[in-house]
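Dear colleague,

I am passing a structure on to you, and since you have not worked with it before, I have written down what I found in it. Please have it open while you read.

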Amino acid sequence: MQVNEYKPLIVAFCCNWCSYAGADLAGNNRLNYPADVKIIRVPCSCRVNPMFILRAFQRGADGVIICGCHPGDCHYTSGNYYTRRRMALLFSMLDYLGIERERTRLEWVSAAEGAKFAATMNDFAEKVAALGENKRLEDLRCKK
Amino acid sequence: MQKITRDTLVSKAVSLLENGTVDAVLGWGKGEFAYDVTPTVFETADEIRENFVWNDFCGANFSKYLVSKTRKLEGKILVFLKPCDTYSFNQLLTEHRFDREKVYVVGVPCEGMADISKVKAITGDGISAIDFTDNGLVITTLYDDEPKTVAYEDILAERCVNCKSKKHVAYDELLGETGEVLESARFDEVAKIEALTPDERFAFWQGELSRCIRCNACRDVCPACTCEKCVFDNPNSGAENKAPANSFEEQMFHIIRAFHVAGRCTDCGECSRVCPQNIPLHLLNRKFIRDIDNFYGEYQAGAEVGTRAPLVDYNLDDLEASDVFERRDSE
Ligand code: SF4
Ligand code: SF4
Ligand code: SF4
Ligand code: FES
């Protein structure tokens, strides 16, 4: 066993009504996903301000994923449609600035999709791990 | 050189003030130097005759001033707007930022404005006098015996090189004639950056953004940035630092500033104009505009009053965030 195996720190913003319940289901079903995925529960995916994402990177996240209800299923009817536009533009901008595009992701995960939640996190963590530590968007001075 | 003369603007302002149509005039006023034109509120005809300026350095877009000026003033205020300024004017109206009834808009045609940094790059510092001639600006400096002539095409401001429209989209009255929406090459440079490798892009932006001194001028001047309470003034946001504490703050400021105006930015060019560090902020704004055009259909903020900005709108079959790069890479 490798002792110093690099494990990326992933921040997952999950909406309360679908994705957070999806994560719960993944747990109840004993499905494995990396322990370094830190879930932050938000009322709706559209609560995620672009600043939250940048701040997470600044504080040392290597990847940030936003999970919300499937289009059409948002508890607040249309929140995730706004999320979709915002994140499309934000991710594209980060890429334009030279930040690796695999570090950000938006996924739709319903409350019944525990398996999808676990699979998504495993896949995302793997992709981010392949990139290595987030150097570009990280603020070294904030590291304790 | 501007085709329309200062006299035309002055006599228009004076007559509207004297016949009572307006109670004040928002225009370009004399500053310390010939190129240092200052936005000014004139309240008397004498002030106008004496201090009003109209030349190739009248880049300042007054739309945003209307937000505070119309609040202070009881009556009506005259504002001179160039074609690009009228887009900002419409955008502010769309956002209900001031009362249209309190403003009288006089549209002025524009031949393009000069960028003083470009002038100084040619002539050097110490400019003591500027003559506006048909062949270009004749510049006298403290250090040269002979005045230098610089051609207009060499000193045109970036936003004017890539002017998107000579058409006034809002006015009560026009001086001279309005023009057409232009085919501009304003997205060419964005496309060039997109074509670089991620490492090259990162290096490019690091070089540009690390010069930022966080003077906040780009935010303060922006007609789309009219929040009464800005995130960057909030000490709890961790982003209020006046000087970039580290490279991350710079990126954060720039990403968030551009993001907050995405879909509402009219590409008026004021942010790049005022940046003392000559950071090409338009390349960030235009990236958003280009993406919006590509992803959600062409949209020009401020072209009309009352349109829904793309980020406060959606379609059921919008592009998924994961398909963004596929869409772009296939172009
Ligand atoms: S971001 Fe710049 S170009 Fe866009 S509206 Fe503001 S000042 Fe004008
Ligand atoms: S940067 Fe954002 S919060 Fe600040 S004034 Fe502009 S839009 Fe408002
Ligand atoms: S105007 Fe230029 S230097 Fe000032 S905050 Fe904006 S980008 Fe930075
Ligand atoms: S409540 Fe789940 S995305 Fe809005």
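The notes below go through chain A, then chain B, and then the ligands.

Please keep in mind throughout that this is a predicted model.

In chain A, a good place to begin is the open sheet of four strands, whose order is β2-β1-β3-β4 and whose pairing is parallel. The edges of this sheet are formed by β2 (37–42) and β4 (104–108) of chain A, each of which pairs on one side only, and from one strand to the next the twist averages 20°. Strand β3 (residues 63–68) of chain A runs parallel to β4(A) and is joined to it by five bridges; if you want one position to look at, A:Ile65 has A:Arg105 as its bridge partner in β4(A).

Two helices of chain A lie across strands of this chain. Helix α1(A) lies across β1 (10–15), β2 and β3 of chain A, and it runs at about 115° to β1(A). Helix α2 (residues 50–58) of chain A, for its part, lies across β1, β3 and β4 of chain A, running at about 145° to β3(A).

Helix α1 (residues 19–28) of chain A also meets helix α4 (residues 114–131) of chain A, where the two axes come within 7 Å and cross at roughly 90°, and the two helices are therefore roughly perpendicular to each other. On the side of α1(A) the contact is made by A:Ser19, A:Gly22, A:Ala23, A:Leu25 and A:Ala26, while α4(A) brings A:Gly114, A:Phe117 and A:Ala118. Sorted by class, the residues of this contact between α1(A) and α4(A) are five nonpolar and three polar, with no charged residue.

Chain B is divided into three parts, namely domain 1 (6–114 + 162–174), domain 2 (118–150) and domain 3 (188–329). The centres of domain 2 and domain 3 of chain B, taken over C-alpha atoms, are separated by 34 Å.

Chain B has an open sheet of three strands in the order β5-β6-β7, with antiparallel pairing. At its edges stand β5 (127–133) and β7 (148–150) of chain B, each with a single partner strand, so one side of each is left without a neighbour in the sheet. The twist in this sheet averages 25° from one strand to the next. Between β5(B) and strand β6 (residues 136–141) of chain B the antiparallel pairing extends over six bridges, and B:Ala129 stands opposite B:Thr140 in β6(B).

That leaves the ligands, which I take in order.

The residues that surround ligand 1 include B:Cys222, B:Cys265, B:Cys268 and B:Cys271, and among the others are B:Arg257, B:Asp267 and B:Glu270. Helices α11 (247–261) and α12 (270–274) of chain B each supply at least two residues of this shell, which by class has six nonpolar, three polar and three charged residues.

Around ligand 2 you will find B:Arg219, B:Cys225, B:Cys227, B:Cys230, B:Val231, B:Phe232 and B:His260. By class, five residues of the shell around ligand 2 are nonpolar, one is polar and one is charged.

Ligand 3 is surrounded by 14 residues, of which the closest are B:Cys212, B:Cys215, B:Asn216, B:Cys218 and B:Cys275. Two or more residues of the shell around ligand 3 come from each of α10 (217–221) and α11 of chain B, and the shell divides into ten nonpolar residues, three polar and one charged.

With kind regards

Technical notes:
Residues are numbered from 1 along each chain as its sequence is written. Chains are lettered from A and ligands numbered from 1 in the order in which they are written. This is a predicted model: local features need pLDDT of at least 70, side-chain atom pairs count only at pLDDT 80 or more; totals for chains, interfaces and linings use all residues. Side-chain values use heavy atoms; hydrogens and water are left out. A residue is near a molecule or strand if one of its heavy atoms lies within 4 Å of it. Ala, Val, Leu, Ile, Met, Phe, Trp, Tyr, Cys and Pro count as nonpolar, Asp, Glu, Lys and Arg as charged, and the others, Gly among them, as polar. Axes are lines fitted to C-alpha atoms, for helices over the stretch in contact, and angles run from 0 to 180 degrees between N-to-C directions. Angles under 35 degrees count as roughly parallel, over 145 as roughly antiparallel, 65 to 115 as roughly perpendicular and the rest as oblique. Contact means heavy atoms within 4.5 Å. Two strands pair if DSSP finds at least two bridges between them. Domain bounds come from an automatic or database domain assignment.
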